[in-house]
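Subject: Structure handover

Hello,

Here is the structure I said I would pass on. My notes come after it.

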Amino acid sequence: MTEYKAYLVSEDSSGSFVSEIKSLALPEDQADHITIKVAYSSLNYKDALSANGNKGVTRNYPFVPGIDASGYVLTSSSPDFKEGDQVIVTGYDLGMNTFGGFGEIIQVPVKWVVPLPANLSLEEAMRLGTAGLTAAASVFELKDHKAELPILVTGASGGVGSIALKLLQHLNLPVNIISGKPDSPLFNELPQDCIIKRSDFEELEVKPLAGARFSGAVDTVGGEILNKIFPLVDRKGIITICGMVSGPSIQTTVFPFILRGIRLIGIDSAESPLAFKKQLWSYLASDWKIDLSSQSKVVNLDALDAEINKIYQGLQEGRVVLKHGD
């Protein structure tokens, strides 16, 4: 094997970005690196940005996106991994400035690689991917939650939100959601009184310290939605934040923080220490294991353009898994 297939994004002479499926030369082995034959990857919002030439995500083109990958070790300079080992790589610089999981081969530093846990398949790992780790890191902060009021999940039809919803339900914690797609099949098992239409929440008049409606929140969108959540969270509540599709700014008062003692916790699973990632993967393969098959779609390289366009149109729901090979 001297070449591999990849979804390559290039900048043309007009400054536009175009994609093609192309054969690339295998990378040469490097010290302290592992070469992996990728079996599966997954599609994330950051991948869509990279595929469309966002220089804030990817500095140099041509480039192969894909911030997630699972597969088999081909070569390793580390005694911790041998040929044939099944492994996972998520985040760090993968798919940003290091060729990513939209190629059949990746070569990454050993310190980015997690062994695939027992009781988890390579495909199941990519149904989760960075979105699943981000959701798990958020739920990790809320897992000891004892209050009777529900935990609010925003952007609940997206990758992180939909997985966070499933994890909280799996842990038997009460949940409400905010979504712009309240009729999504993802919410078929959720009582109607637990579903808040995004436009209704956006129109809600909220005082600086309103009556408590939620005991905590997993916020994936930021912006005005997050601003309105603060006054609605009960005493000692925790809000995790991991996204900003509705805006990067926070405008609130100190009242919820000093009168109710609520906490805002930022979640960045991509750059988390490897030990914490291993801990989260262990949870996701055992006590927190959830079935995402009904909310995941498996596609090949030829279908990536269409799925990326859905992200930009706000039409993507659940998870998209990329399968390499037949």
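The notes below cover salt bridges, surface patches, polar contacts in loops and a few backbone details. Please keep in mind that this is a predicted model.

Salt bridges

There are 8 salt bridges in the structure. Three of them are described here, beginning with the pair Lys289 and Glu124, whose side chains meet at 3.4 Å, N to O. Lys289 sits in the loop between helix H7 (274–284) and strand E14 (296–299), while Glu124 belongs to helix H2 (residues 122–142), so this bridge ties together parts that are 165 residues apart in sequence. Lys289 counts as partly exposed, because its relative accessibility is 25%. Glu124 is also partly exposed, with a relative accessible area of 24%.

Helix H2 and the loop between H7 and E14 are joined by another pair, Arg127 and Asp291. The closest N and O atoms of Arg127 and Asp291 are 4.0 Å apart, and the two residues are 164 residues apart along the chain. Arg127 has a relative accessibility of 15% and therefore counts as buried. Arg127 and Asp291 also belong to a network of salt bridges that includes Glu123.

The third pair is Glu307 with Lys297, where the closest N and O atoms are 3.2 Å apart. Glu307 is in helix H8 (residues 304–312) and Lys297 in strand E14, 10 residues apart. The two ends of this bridge fall into separate classes of accessibility: Glu307 counts as buried because its relative accessibility is 5%, whereas Lys297 is partly exposed at 33%.

Surface patches

Which residues make the patch of negative charge on the surface? Asp200, Glu202, Glu203 and Glu224 gather there. Of these, Glu224 is located in helix H5 (residues 223–229) and is partly exposed, with 43% relative accessibility.

A nonpolar surface patch of about 460 Å² is formed by Leu209, Val254, Phe255, Ile258 and Leu259. Phe255 is part of helix H6 (residues 255–259). With a relative accessibility of 37%, Phe255 counts as partly exposed.

Polar contacts in loops

Asp12 is in the loop between strand E1 (3–11) and strand E2 (17–25). The side chain of Asp12 makes a polar contact with that of Ser14, at 2.7 Å. Asp12 is partly exposed, its relative accessible area being 30%.

Ser78 is in another loop, between strand E4 (68–76) and strand E5 (86–90). There the Ser78 side chain reaches the backbone nitrogen of Asp80 at 3.0 Å. Ser78 counts as buried because its relative accessibility is 11%, and buried means under 20%.

Backbone details

Most residues other than glycine have a negative phi, and most peptide bonds are trans. Where does a cis peptide bond occur in this model? A cis peptide bond joins Tyr61 and Pro62, with omega at about 5°. Pro62 is in the loop between H1 and E4. The C-alpha atoms of Pro62 and Asp12 are separated by 9.7 Å, with their positions 50 residues apart along the chain.

Phe63 is also found in the loop between helix H1 (45–51) and E4. Is Phe63 buried or exposed? Phe63 counts as buried, because its relative accessibility is 2%. From Phe63 to Ser269 the distance is 23 Å, C-alpha to C-alpha, and the two are 206 residues apart in sequence.

Two asparagines have a positive phi. For Asn119, phi is near 75°. Asn119 is in the loop between strand E7 (113–115) and H2, and is exposed with a relative accessible area of 53%. For Asn172, phi is about 60°. Asn172 is in the loop between helix H3 (159–170) and strand E9 (175–179). Asn172 is exposed as well, with a relative accessible area of 69%.

Regards

Technical notes. Residues numbered from 1 in each chain as written. Predicted model: local features only at pLDDT ≥ 70, side-chain atom pairs only at ≥ 80, totals over all residues. Heavy atoms only, no water. Patch = residues over 30% accessible without salt bridge, like charges linked within 9 Å, V, L, I, M, F, W, Y side chains within 5 Å. Areas by Shrake-Rupley, 256 points an atom, 1.4 Å probe, with all protein chains shown as cover. Lys, Arg positive; Asp, Glu negative; His and termini not counted. Charge placed at Lys NZ, Arg CZ, Asp CG, Glu CD. Helix = DSSP H or I, 4+ residues; strand = E, 2+ residues; numbered from the N terminus. Buried < 20%, exposed > 50% of the residue type's maximum accessible area, 1.4 Å probe, protein only. Polar contact = N/O pair within 3.5 Å; in protein donor to acceptor, adjacent residues only side chain to side chain.
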